[in-house]
Amino acid sequence: MNCLQGRYGKMNIGLDQLVCDLENIVGKNYVYGDLFERINYADTLLPYDVEEEFLPDVVIQPGNAQEVAKILMYATEHNIPVTTYGSGTDLIFPTKPKHQGITMSTERMNFLNIDEEHQYLECGPGIKTGKVIREIGKLGYFLPIQTQAGSSMGGAVSINTIGHLADNIFGRPVHNVLGLEVVLPTGEVIETGSKCLRRSAGWDLGRVFIGSEGMLGVITKIRMILVPMPETVDAVGFFKTNEEVGHVMTLMYQKKLPLPMDGEFVGKKACKVGCENYGLNFPEGAMAVIKAMGRTKEEATRNAQEVVDLFKSEGATEAFVIKDQEVAENVWAVRENVMRWGKEKGKKGGRAIEVNPILPRMAEAITSLEHITEARTDLIAETEAYLYGHVGSGSLHCYLTYPHGWSDEKMKRFIDDIWNVEKELQLKYGGIGGDWGWFPYRLPLYRETYGDTSYEIIKKIKNLFDPNNILNRGNLEGEV
Amino acid sequence: MNEEALTENIENQLIETLNACKKCHLCNLFCPLVDTRVTQGSFGINRAIYYGFKWSEFSESLRDLVYSCTTCGKCEVMCTKVSMALPIRELVEKAREYLLIEKMKGPMPGQTAVLKNLYVRGNPWGNPSHERTKWATGLNIPFVSKDNKTDVLYFVGCTSSYDPLGQKIAKYLSKILKNANINFGILENECCDGHEARRMGENALGEYLAETNTNMFREAGISYIITGDPHSYYTFIKEYPTDSNGLKVQHYTQFLNDILDQGKLEFSTKVNKKVTYHDPCYLGRHSGVFEEPRRLIERIPGITFKEIENNKKLSDCCGMGGGRMWMEPPEKLTSSQKIAERRVQQALDTGAEILLTACPFCNITLSDAVKSLGKTDSIEVMDITALVSMAI
């Protein structure tokens, strides 16, 4: 028998039998063994090639919770690792199958029901956030998850992310999800929460699954509150230094200003490249751009003006509420072009790190990032740093662009260097990582921040739900 | 550069360019091919090319993915806006050429006969060349030649010459031109413009067909061409040899606006219809003709025009571009019918009675999708020429 070799020991089944058995569960059309299918479900956003040893043996697309349950029961019985895949847009790589086996895509479970009477939506994990945003937007609702439009709802909820939004306004999925349907690795299907808008004050098992990065179960249905669509107005401020942006955004909180839905920052160097790229004539310096909101346009405009007044009082060289659509598009385009900043300057590509400083140290953290490539002996010294971030929600990024010609080996060392520097900065400034799923590579940070006792508790929880460790095997162990 | 070096060069170029992909997946978000699988879309295709070429895995499944692309180019809009601005469409076409010429893996099974027909008969169906102008029988349209010059050549294109739905476009446009007293003619020996051959990776055949047409244009002293087929329009302005650049080429939506401005064409009848418009990829996104069709539609008296959900630069594809007209995608890839049905659904959402387009391919595909959805009572697909001819 052609047994499948996993890093955790042999799976007790041959590949042909595995494919045949899975086809019996979901049908022939939803099991894929072709090389290019397996590559597509394994090639993550890491800036080097996927290796053959990390390709799944097979990709499967169940259509409902019952099929998921059968697959997981089967995988548990045969000790086959199962990696859950929503959209593959995770900025790190929880979807990279560390131990081959089955990659289970949730893409077919993409239903959406909008229940205005109860004021919630119910959706499958595979539906894209962009699609939900569009559909509920038609009815005047706002999705408090603003991740990349191609990301999946299941992924966002599993990671408990909201993209660029400020936590203090809408909260995170853990606050906004009313209930979940989850299939446990042993095949049981459970429901959490209720249909009431009032969430449980005490135990709510749903919270265990939200943010546990798909390691405890597979979410097959999400029930989430509907939020009325706010009106928004953009405003922008330009500052002589990057540090000033950190300072002014800190003050925005401390002075109890109406918080914007989105508060973005583009560092001086990045702003210059972006403006050159678009032929824009903005003042030189760092840019802070916000999306103020309100129940009415007037209220949003008033709120935007308050932030503009703060910008001006804190030394902005120019600040204004954006009234012209074209200006708004150009301002946001400078921010959106993050991945091109390096390219425009002859670099091949780049990789971002995330730092989440405590509020009073925001400006200081920005200054640290500004000098990140200086006095180093690792590969980061060979990169060029471009600063940006969702400063309104306390997330700073530094986009480190690397030159053409680096081999995959060198790129792997570079990624290690990046993680090390991110860990140092997070430990220094008090953050833990708020934008994307992170456990595989941030395990060292987790252990240093919370200690081994905390890590052991997580491992015990994992073992309780998934005794054979079939789900996303390797992620909790910090394999990358 | 010798042939071997050239081959290596194409391989390296594809690998190097696709190595810059950030793997953000945003191209897939816009790709009409994506149904419920990441592999089906632009991202899946670009990764398949990258790894296929890098690992020398030139399998049939690579071919199927590479040839499944509609070349609609919507992915490039997103990639340019927020990512690495990769020339995805060009890479797909280069990969097709490589698979066809170097690896003999392309084209798709149904396309081989089409390429042969293009070479032998000058049209994809292999219909007799002498039947090309049959649609014009009794319409009294002159054949342009060096001895019979006209102000304008109407380049009909294969689909409007042979396909019954396409022929309607040719007839309507001829009626309109006659109504405006335009001195126009057609070519008796018109040959395929070569666009589809290029899309299938047979560039040499595309060049051969272009040369055949260019020689005819030159011999007949033609300096002004109008066409009803966006694929012809695109290939004339972007792919024909530079020495033919002295030609003025217009899509009919541009030409009809011009003659309306000049007062040569007038609308005399109200057409009280609610309409929407589907931008053909090769007219809109690839050639930048967005406003003229809209201007033409809105000039027709009585018309109520409503934009469809994805329009202009973000228009969705009808599903038949990039050589897909001549192939059936394998079962696990998205069918053209499904793509077209999605587009028709968007048109239905506008409440329009008529879904207008300005391309014979789109016209055929979307008409079929209306039928397969069972919506013939709700909406009708028409070329703009049909609407214009109602108004004159």
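Here is a short chat about two helices, a sheet and a chain contact in a predicted model.

Modeller: Residues count from 1 along each chain as its sequence is written, and chains are lettered from A in the order in which they are written. As the model is predicted, local features need pLDDT of at least 70 and side-chain atom pairs count only at pLDDT 80 or more, while totals for chains, interfaces and linings use all residues.

Biologist: What should the 17 residues of helix α11 of chain A span at 1.5 Å a residue?

Modeller: Helices here are DSSP runs (H or I, at least four residues), strands are E runs of at least two, and both are numbered from the N terminus. The expected span is 1.5 Å times one less than the number of residues. The end C-alpha atoms of α11(A), residues 297-313, are 24 Å apart, which agrees with the expected 24 Å.

Biologist: Why do the buried residues of α11(A) line one face?

Modeller: Buried means 20 or more other C-beta atoms within 10 Å of a residue's own, exposed means 12 or fewer, and partly exposed is in between, with C-beta atoms placed from the backbone. The buried ones include A300(A), N303(A), A304(A) and V307(A). Judged by directions from the helix axis to the C-beta atoms, they line one face because they fall within an arc of 145 degrees.

Biologist: Which residues are exposed on the other side of α11(A)?

Modeller: Contact means C-beta atoms, placed from the backbone, within 7 Å. The cover over the buried residues includes β14, α9, β16 and β17 of chain A. On the other side, the exposed residues are E298(A) and S313(A).

Biologist: Which are the edge strands of the open sheet in chain A?

Modeller: Strands pair if DSSP finds at least two bridges between them. Seven strands run in the order β17-β14-β16-β15-β19-β20-β18, with antiparallel pairing. Pairing on one side only, the edge strands are β17 and β18.

Biologist: What is the bridge partner of F265(A) in β19(A)?

Modeller: β15 (residues 262-266) and β19 (residues 384-390) of chain A pair in the antiparallel sense over two bridges. F265(A) has as its partner G389(A).

Biologist: Which helix gives the largest share of the side of chain A that touches chain B?

Modeller: 29 residues of chain A are in contact with 27 residues of chain B. Five residues, the largest share of chain A's side, come from helix α2 (residues 35-40) of chain A.

Biologist: How many of the 13 residues of α3(B) are buried?

Modeller: Helix α3 of chain B covers residues 42-54. It is largely enclosed by the rest of the structure, because the buried count is twelve.

Conventions: Contact = placed C-beta atoms within 7 Å.
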